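Here's a run of quick questions to work through with the model open in your viewer. Ready to have a look?

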Amino acid sequence: MDKISKEIARITYNALDEKKAEDIKVIEIGDITVIADYFIIANGTNSSQVQALVDNVQQVLSKHGFEPKRIEGVRSASWILLDYGDVVVHIFSKEDRLFYDLERIWRDGKVVEKEQLED
């Protein structure tokens, strides 16, 4: 994984944590797919918090010079995908996260702890 994608993952984790996202998971998938280096999965407790998480991630990454290539699902506020190229951020409502269970689908990826993003 390159340094830039790891930096985006670190900044994203902190932006989600700052707004009290639940159960933030960073999954390194670069060794098993060409889609991205990292998937970041988190959820909010309600649609307002989901939107606040999305807004904060976009604002903080934009301050660091990173803009999303694509955004999907904004109207529904139950699963929003922010595509930053090598880092794809999935922000869910609690119910949709349980339903889609991306962690199970990508279980061959390596879960990265917050501390590992810092070095």
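Q: Which residue stands opposite leucine 81 in S4?
A: This is a predicted model, and the pairing can be read from it. S3 and S4 run antiparallel, joined by 3 bridges. Across from leucine 81 in S4 you'll find glutamate 72.

Q: In the hairpin formed by S3 and S4, what is the phi of glycine 73?
A: The two strands of this hairpin have 6 residues between them. Glycine 73 sits in that turn, and its phi is positive, about 85 degrees.

Q: Is S4 largely enclosed or open, and how many of its residues are buried?
A: Buried here means under 20% relative accessible area. S4 is largely enclosed by the rest of the structure, because the buried residues number 4 of the 5.

Q: Which residue of S5 stands opposite leucine 82?
A: S4 also pairs with S5, in the antiparallel sense and over 5 bridges. Their hairpin has 3 residues between the strands, and glycine 85 takes a positive phi near 80 degrees there. Opposite leucine 82 stands valine 89.

Q: What is the order of the strands in the open sheet?
A: Strands of a sheet can pair parallel or antiparallel. The pairing in this open sheet of 6 strands is mixed. The edges, pairing on one side only, are S3 (70–72) and S6 (110–112), and the twist averages 20 degrees from one strand to the next. Reading across, the order is S3-S4-S5-S2-S1-S6.

Q: Which residue in S5 is the bridge partner of isoleucine 41?
A: S2 and S5 pair over 7 bridges, in the parallel sense. The S5 partner of isoleucine 41 is histidine 90.

Q: At what angle does H1 run to S2?
A: Start with the helix itself: H1 covers residues 3–18 and reaches 22 Å from its first C-alpha to its last, close to the 22 Å expected. H1 lies across S1, S2 and S5. Its angle to S2 is about 5 degrees.

Q: Which residue caps the N-terminal end of H1?
A: Look for a side-chain oxygen 3.3 Å from the backbone nitrogen of isoleucine 4. That oxygen belongs to aspartate 2.

Q: What covers the buried residues of H1?
A: The buried residues are Ser5, Ile8, Ala9, Ile11, Thr12, Tyr13, Ala15 and Leu16. The cover includes strands S1, S2 and S5, along with helices H2 (47–63) and H5 (114–118).

Q: What is the phi of lysine 20, and is lysine 20 buried or exposed?
A: Most residues other than glycine have a negative phi. Lysine 20, in the loop between H1 and S1, has a positive phi near 65 degrees. With 63% relative accessibility, lysine 20 counts as exposed.

Q: What is the relative accessible area of aspartate 23?
A: Aspartate 23 lies in strand S1 and has a positive phi, near 50 degrees. This residue is partly exposed, with a relative accessible area of 45%.

Q: Which residues touch the most other members of the largest nonpolar core?
A: In soluble globular proteins, nonpolar side chains tend to be buried together. The largest nonpolar core here has 27 residues. H1, S1, S2, H2, S4 and S5 each supply at least two of them. The members touching the most others are Leu16, Val57, Leu82, Tyr84 and Ile91.

Q: How many residues make up the other core?
A: This other core lies apart from the largest one. Among its members are Ile29, Phe39, Ile41 and Val88. Its size is 10 residues.

Q: Which side chain makes a polar contact with the side chain of glutamate 103?
A: Glutamate 103 is in helix H4 (residues 102–105). Beyond four places in sequence, its contacts are Asp23, Lys25, Ile27, Ile41 and Arg97. The polar contact, at 2.4 Å, is with arginine 97.

Q: How far apart are the C-alpha atoms of asparagine 14 and lysine 114?
A: Asparagine 14 lies in helix H1 and counts as partly exposed at 26% relative accessibility. Leaving aside neighbours within four places in sequence, asparagine 14 is in contact with Lys114 and Glu118. Asparagine 14 and lysine 114 are 100 residues apart along the chain, yet the separation of their C-alpha atoms is 8.8 Å.

Notes:
Residues are numbered from 1 along each chain as its sequence is written. This is a predicted model: local features need pLDDT of at least 70, side-chain atom pairs count only at pLDDT 80 or more; totals for chains, interfaces and linings use all residues. Side-chain values use heavy atoms; hydrogens and water are left out. The expected span of a helix is 1.5 Å times one less than its number of residues. Buried means under 20% relative accessible area, exposed over 50%, partly exposed in between (1.4 Å probe, protein chains only). Contact means heavy atoms within 4.5 Å. A polar contact is a pair of N or O atoms within 3.5 Å; within protein, one must be able to donate a hydrogen and the other to accept it, and residues adjacent in sequence count only if both atoms are side-chain atoms. Two strands pair if DSSP finds at least two bridges between them. Axes are lines fitted to C-alpha atoms, for helices over the stretch in contact, and angles run from 0 to 180 degrees between N-to-C directions. A nonpolar core is a set of buried Ala, Val, Leu, Ile, Met, Phe, Trp, Tyr and Cys residues joined through side-chain atoms within 4.5 Å.
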